[in-house]
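Me: I'm new to this one, so could you walk me through it with a few questions and answers? Here it is.

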Amino acid sequence: ARSGSAIVSGGAKGIDQAAMHGALDAGGRAVGVLADGLEKAVVARYNRDMLLSKQLTLLSPYDPAAGFNVGNAMRRNKFIYALSNVSLVVSSDLEKGGTWAGAAEQLTKLNLVPVYVRSTGPESDGLEGLTRKGAHRWPNPTSAEDFRSLLNAADGAAEEAQPNLPFP
C-alpha cells in the first residue's frame, strides 16, 4: 500500500483475500480476478465500499452469474499473471492444486513475470519445487522504495524477455 502499487489476486479465501484486505485496509489498491461471476462479489458490503472508494477493481472472464469451479480458477491464473509486475507464492503444495499449476505454467510456458516464493517461515516442499523450476526467493523488501525498485527491475526484465509481442 505504501509503495502505491496494487495487489493483484485471485480473490480466493485465505491468503488471496488477506493480501487484498490488508492492502485495502491500509489505504492501498487491489485487483481481484475472480474464478466465478461478479454478481455476488460486487454487492458484498466490504467489496461494494472498496469499489465505490475506487480502491478495488474486480473482474471476471466468466458470466456474471457463474459459480465457482476448479477449471475456471485454473484458467484465470493467466489473467492474474498478465496483470502483475511480479508474483509471490506464499504457499503451495508440491505438484498439485491451482497455485502450483499456475506458478508452474508461468515458470515453464508463459514467462510473463518473475515468480518469487516466500523466503521466511517454515520450509515447504511446494515452494522448494517451484524454486527448482526457476522461482526466486522473495527478497523481503523493507521499505516502499525497496519494493518499487523490485517492481521496476521486474518490469525491465519482462520487457527484455518478451521483445516480440504482437501488441504494444
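Reply: Sure, and one term up front: a crossover is right-handed if, with the strands pointing away from the viewer, the path from the first strand over the helix to the second runs clockwise. Also keep in mind that this is a predicted model.

Me: Which hand does the β-α-β unit of S2, helix H2 and S3 have?
Reply: The unit starts with S2, goes through helix H2, residues 45–52, and finishes with S3. S2 covers residues 29–33 and runs parallel to S3, with four bridges joining them. The β-α-β unit is right-handed.

Me: Which strands are at the edges of the sheet?
Reply: Three strands make up an open, parallel sheet, in the order S1-S2-S3. An edge strand here pairs on one side only, and that fits S1 (6–9) and S3 (56–59). So much for the order; the edge strands are S1 and S3.

Me: What is the bridge partner of Gly32 in S3?
Reply: Look along S3, where the side chains alternate: Thr57 and Leu59 point to one face and are not buried, while Leu56 and Leu58 point to the other and are buried. Val33 stands opposite Leu59. For Gly32, the bridge partner is Leu58.

Me: At about what angle does helix H1 run to S2?
Reply: Helix H1 takes in residues 15–25 and lies across S1, S2 and S3. Neighbouring strands of the sheet are turned by 10° against each other on average, direction ignored. Against S2, helix H1 runs at about 155°.

Conventions:
Residues are numbered from 1 along each chain as its sequence is written. This is a predicted model: local features need pLDDT of at least 70, side-chain atom pairs count only at pLDDT 80 or more; totals for chains, interfaces and linings use all residues. Side-chain values use heavy atoms; hydrogens and water are left out. Two strands pair if DSSP finds at least two bridges between them. Helices (H or I, at least four residues) and strands (E, at least two) are DSSP runs, numbered from the N terminus. Axes are lines fitted to C-alpha atoms, for helices over the stretch in contact, and angles run from 0 to 180 degrees between N-to-C directions. Contact means heavy atoms within 4.5 Å. Buried means under 20% relative accessible area, exposed over 50%, partly exposed in between (1.4 Å probe, protein chains only).
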